[in-house]
Amino acid sequence: MNTEKKQTKTEELAHDIEAFLQEVIGAVEAEGEEPRRSVGKKPILPSLVLWSGMIVAVLRGLGSQLDVWRLVSWDGLWHHGPYKVSDQAVYNRLAQGGSDY
């Protein structure tokens with residue numbers, strides 16, 4: 001029983017942190033506009049979405065880079081629609097430390 005209470009409190013805290021992140025990141029995004037993609041150019045996963053996805057994946061108990069890719073490319077993150085990027089694109093960006101292309 002005590003373990004269930006602890007689990008619930010942990011889930012609530014993770015949810016609260018994610019809601020806070022969503023609010024703060026929404027405010028940061030409002031300041032700047034996403035650059036437009038040229039026709040024929042490969043889609044780029046914005047750093048803000050990549051690193052937010054990493055934090056949310058950890059908060060949700062997801063444990064791999066593939067889970068981060070699924071989060072941003074299948075489900076979409078919050079109000080961001082799914083980004084049509086390959087799993088390898090996410091791996092490469094994480095390996096580079098998220099630096100801009």
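**Exercise 1. Secondary structure and burial of the chain**

Determine how many helices and strands the protein chain has, and what share of its residues counts as buried.

*Solution.* In this predicted model, the secondary structure of the protein chain comes to 4 helices and 0 strands. Read from the N terminus on, the elements therefore follow the order α-α-α-α. Of the 101 residues of the protein chain, 28% count as buried, a class that takes in residues under 20% relative accessible area. As for contacts between residues at least 6 apart in sequence, 57% join residues that are at least 24 apart.

**Exercise 2. The buried face of α4**

Find which residues of α4 are buried, and decide how they are arranged when seen down the axis of the helix.

*Solution.* The first step is to list the buried residues of α4, which are Val90, Arg93 and Leu94. Seen down the axis of α4, these buried residues fall within an arc of 95°, so they line one face of the helix. The next step is to ask what this set of residues meets, and the buried residues of α4 turn out to pack against α2, which spans 47-59, and against α3. Just after α4, Gly97 takes a positive phi of about 80°.

**Exercise 3. The packing of α2 and α4**

Work out the angle at which α2 and α4 pack and classify their relative direction, then name the residues through which they meet.

*Solution.* The axes of α2 and α4 lie 11 Å apart, and the two helices pack at an angle of about 90°. Angles from 65 to 115 degrees count as roughly perpendicular, and α2 and α4 are therefore roughly perpendicular to each other. On the α2 side the residues involved are Ser47, Leu50, Trp51 and Met54, and they meet Val90, Arg93 and Leu94 in α4. Arg93, which lies in helix α4, deserves a separate step: with a relative accessible area of 3%, Arg93 is buried, and its side chain reaches the backbone oxygen of Leu45 at 2.2 Å.

**Exercise 4. Helix α3 and its aromatic pair**

List the buried residues of α3, state what covers them, and classify the aromatic pair formed by Trp69 and Trp74.

*Solution.* The buried residues of α3 are Asp67, Val68, Trp69, Leu71, Val72 and Ser73, and what covers them includes α2 and α4. Among them, Asp67 lies in the helix that runs over residues 65-75 and is buried, with a relative accessible area of 18%. The side chain of Asp67 reaches the backbone nitrogen of Gly63 at 3.1 Å.

For the aromatic part, a pair of rings is described by the distance of the centres and the angle of the planes. A search of the whole structure finds 1 aromatic pair. The rings of Trp69 and Trp74 have their centres 5.6 Å apart and their planes at 65°, so the pair is edge-to-face, given that planes over 60 degrees apart fall into that class. As to accessibility, Trp69 counts as buried at 16%, whereas Trp74, with a relative accessible area of 53%, is exposed. Just after α3, Gly76 takes a positive phi of about 80°.

**Exercise 5. Val56 and Trp78**

Establish where Val56 and Trp78 are placed, and trace the contacts that each makes beyond its neighbours within four places in sequence.

*Solution.* Val56 is found in helix α2 and is buried, with a relative accessible area of 0%. Beyond its sequence neighbours within four places, Val56 is in contact with Glu18, Leu71, Leu77 and Trp78. For Leu71, which is 15 residues away along the chain, the separation between C-alpha atoms is 8.9 Å.

Trp78, in turn, has its place in the loop between α3 and α4. With neighbours within four places again left aside, the contacts of Trp78 are Glu18, Leu21, Gln22, Ile25, Ser52 and Val56. Trp78 and Glu18 stand 60 residues apart in sequence, with their C-alpha atoms 9.8 Å apart in space, and a polar contact of 3.0 Å joins their side chains. A last step concerns the backbone: Trp78 has a positive phi of about 55° although it is not a glycine.

Note on methods
Residues numbered from 1 in each chain as written. Predicted model: local features only at pLDDT ≥ 70, side-chain atom pairs only at ≥ 80, totals over all residues. Heavy atoms only, no water. Buried < 20%, exposed > 50% of the residue type's maximum accessible area, 1.4 Å probe, protein only. Polar contact = N/O pair within 3.5 Å; in protein donor to acceptor, adjacent residues only side chain to side chain. Contact = heavy atoms within 4.5 Å. Phe/Tyr/Trp six-rings, centres within 6.5 Å; stacked < 30°, edge-to-face > 60°. Arc of directions from axis to C-beta. Axes fitted to C-alpha atoms, helices over the stretch in contact; angles between N-to-C directions. Parallel < 35°, antiparallel > 145°, perpendicular 65-115°, else oblique.
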